[in-house]
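Hi,

Here is the structure I said I would pass on to you. Have a look at it first, and then read my notes underneath.

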Amino acid sequence: MQANAQTTAQVDDLTLIALPTAVNCADLFVRFTLGEWRLRNMTAECSAVACALVEAAIESADPKTSRLITLRLRLSGDYLVVELEAARFIMPPTSPDLRTGELQLGNGTKLIWCELALPTGVNANAVPLPRREKRRSPAAEALGDEPDVDPELIQRILFGLGGSMGNGHQR
């Protein structure tokens, strides 16, 4: 398992129930995560692999046991690794270009993995971490710019509220 021996730079996972709707959830998860990682050019290939693994997990699932599956995307070395953990799993046919493997975990589940090569010149450490932009709510946007507030006025209001409550006045 070559990719697992390298340092993981980023990871994201999603736990699903082995039902047909999990395939669409897996696709959305891949699209969102790769968008956050700025690897949109890998979305189609990664989504196809992830959805095939989830579909195989659904078909392999035993209704009498745990039907939870975990889909994980991991950046490691020169690869985007798609991993799936499930109690029962039969590996679907994959492209011969794809490095795959499986590992029996101690808790009775299997870890299945497929490595997708990152674009030429990109490695896991070069992929930027997601950045969240500070956004105002739609209601705040509708109000326009925030009014200028005098900090001394706010202090007097807070002192006044604290003073009236501290003097034993009840409402």
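Below is what turned up, going from the whole chain down to single residues.

Before anything else, please keep in mind that this is a predicted model.

**The chain as a whole**

The chain has 171 residues, and 36% of them count as buried. Its secondary structure adds up to five helices and five strands. If you walk along from the N terminus, the order of elements is α-β-α-α-β-β-β-β-α-α. Among the contacts with a separation of 6 or more, 67% are between residues 24 or more positions apart.

**Two helices side by side**

How do helix 2 and helix 3 pack? Helix 2 covers residues 21-36 and helix 3 covers residues 43-60; the angle between them is about 150°, and their axes are 9 Å apart. Since angles over 145 degrees count as roughly antiparallel, that is the label helix 2 gets relative to helix 3. The crossing of the two is right-handed.

If you want to click through the contact, the helix 2 side consists of Ala22, Val23, Ala26, Asp27, Val30, Arg31 and Leu34. Facing them from helix 3 are Thr43, Cys46, Ser47, Ala50, Cys51, Val54, Glu55 and Ile58. Sorted by type, the residues of this contact come to ten nonpolar, two polar and three charged.

**The core**

In soluble globular proteins, nonpolar side chains tend to be buried together. Here the largest nonpolar core holds 37 residues, and the ones touching the most other members are Val54, Leu80 and Val82. Helix 2, helix 3, strand 2 (68-76), strand 3 (79-86) and strand 5 (110-117) each put in at least two residues. Which element gives the most to this core? That would be helix 3, with nine residues.

Val54 is a good place to start looking, as a residue of the helix contact that also belongs to the core. Leaving out residues up to four places away in sequence, Val54 touches Leu16, Ala22, Val23, Ala26, Ile69, Leu71 and Leu84.

**Four single residues**

Asp12 sits in strand 1, which spans residues 8-17. Is Asp12 buried or exposed? Its relative accessibility is 29%, so Asp12 counts as partly exposed. Apart from neighbours within four places in sequence, Asp12 is in contact with Phe29, Thr33, Trp37, Leu71, Arg72 and Leu73. Leu75 lies 63 residues from Asp12 along the chain, yet their C-alpha atoms are separated by 9.3 Å.

Next is Arg38, in the loop between helix 2 and helix 3. Most residues other than glycine have a negative phi. What about Arg38? The phi of Arg38 is near 60°, which is a positive value in a residue other than glycine. With a relative accessible area of 48%, Arg38 is partly exposed.

Met91 is in another loop, the one between strand 3 and strand 4 (99-104). Met91 has a relative accessible area of 26% and is therefore partly exposed. Again setting aside neighbours within four places in sequence, the contacts of Met91 are Leu53, Thr100, Gly101, Glu102, Ile112, Trp113 and Cys114. One of these, Gly101, is ten residues from Met91 along the chain, with 9.0 Å between the C-alpha atoms.

Last comes Gln104, which is part of strand 4. Because its relative accessibility is 53%, Gln104 counts as exposed. Which residues does Gln104 touch, not counting those up to four places away in sequence? They are Thr109 and Lys110. Gln104 and Ala86 are 18 residues apart in sequence, and 10.0 Å separates them from C-alpha to C-alpha.

Happy to go through any of this together.

Cheers

Notes
Residues numbered from 1 in each chain as written. Predicted model: local features only at pLDDT ≥ 70, side-chain atom pairs only at ≥ 80, totals over all residues. Heavy atoms only, no water. Axes fitted to C-alpha atoms, helices over the stretch in contact; angles between N-to-C directions. Helix = DSSP H or I, 4+ residues; strand = E, 2+ residues; numbered from the N terminus. Parallel < 35°, antiparallel > 145°, perpendicular 65-115°, else oblique. Left-handed = near helix turned anticlockwise from the far one by under 90°. Contact = heavy atoms within 4.5 Å. Nonpolar A, V, L, I, M, F, W, Y, C, P; charged D, E, K, R; others polar. Core = buried A, V, L, I, M, F, W, Y, C linked by side-chain atoms within 4.5 Å. Buried < 20%, exposed > 50% of the residue type's maximum accessible area, 1.4 Å probe, protein only.
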